[in-house]
Amino acid sequence: TGGYCGNVTQGNNQPPTTGMVPVADPLAWMTAPTTPTGSCNSTSSGPMAPGWYCKISGSAVLSPGLYILDNGIALTGGNAITCNGCYTGTGIGPGVTIYFRNDSGIDLKGSSTISLTAPSCTVIPGTNPPLCSNSGSGSYIGYNGSVLWGSGTGGISAHGTHANILQGVIYFPKAAVDFYGTGSTPLYVAIVTDTLTLYGNPYIVGYPLTSGTFPITAATLEE
């Protein structure tokens, strides 16, 4: 649907396909989580349990489940967001889904990092919001395969020497997703976004979901 610049290749070492007819949003069927009544939790760093928060602005350790943020994530320096209890690699296990409200998104500067994995689980039929189930881990609210999700114009701006490790679907259909930097940033992801910029060392590997139904069944880099 356009062009590209720089040294960009796909897994078969071929350049992106250009001149493609735009495709419909493959995740338009997803229903955004409902925000609870009351006020968002003002806790913005440290250990955090699933829930509705105003923002994350410092180092945080998340437990598996769904997080709703009103004002997004803004990290500087060496602050880091990680998950305690999320699985790693290609296995099946608990993970995190973060939903961004109010046109909020992610702003990373310096050596700040985000290392998160989406849930890879069995969704319990008939549950809304969806309940993920993993053997030995009980059930928790989570969107199978989705790690970062924003429905507004806020996207991702990651600039610096960070070394983010993300696994899952990054879904910002109305926003820009930009990864700039000299740090090694492996993105084990599928990305649905308005525009995508990779500059420096970030690279997309692809997301090996092994449980349930993957939200996106096939993908290619088209510009």
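Here is a short dialogue on reading the fold and the aromatic pairs of this predicted model.

Q: Let's start with the basics. How many helices and strands are there in the protein chain?

A: The chain has 17 strands and 0 helices.

Q: And what share of the residues is buried?

A: Of the 223 residues in the chain, 42% are buried. As for the surface, the chain exposes about 10,400 Å², with carbon and sulfur atoms supplying 53% of that.

Q: What share of the contacts comes from residues 24 or more positions apart?

A: Take the contacts with a separation of 6 or more: residues 24 or more positions apart account for 45% of them.

Q: On to the rings. How do I read an aromatic pair, and how many does the structure hold?

A: Look at the distance between ring centres and the angle between planes; angles from 30 to 60 degrees count as tilted. The structure holds 6 aromatic pairs. Trp149 and Tyr171 make one of them, with 6.2 Å centre to centre and 40° between the planes, so this pair is tilted. Trp149 sits in strand 13 (residues 146–150) and Tyr171 in strand 15 (residues 165–181), 22 residues apart, so the pair links distant parts of the chain.

Q: Is Trp149 buried or exposed, and what about Tyr171?

A: Buried means under 20% relative accessible area. Trp149 comes in at 3%, so it's buried, and Tyr171 is buried too, at 6%.

Q: Which residues do ring pairs link into a cluster?

A: That would be Tyr99, Tyr143, Trp149 and Tyr171.

Note on methods. Residues are numbered from 1 along each chain as its sequence is written. This is a predicted model: local features need pLDDT of at least 70, side-chain atom pairs count only at pLDDT 80 or more; totals for chains, interfaces and linings use all residues. Side-chain values use heavy atoms; hydrogens and water are left out. Helices (H or I, at least four residues) and strands (E, at least two) are DSSP runs, numbered from the N terminus. Buried means under 20% relative accessible area, exposed over 50%, partly exposed in between (1.4 Å probe, protein chains only). Contact means heavy atoms within 4.5 Å. Accessible areas come from the Shrake-Rupley method with a 1.4 Å probe; for residues, only the protein chains shown count as cover. Rings of Phe, Tyr and Trp (its six-membered ring) pair if their centres lie within 6.5 Å; planes under 30 degrees apart count as stacked, over 60 as edge-to-face and the rest as tilted.
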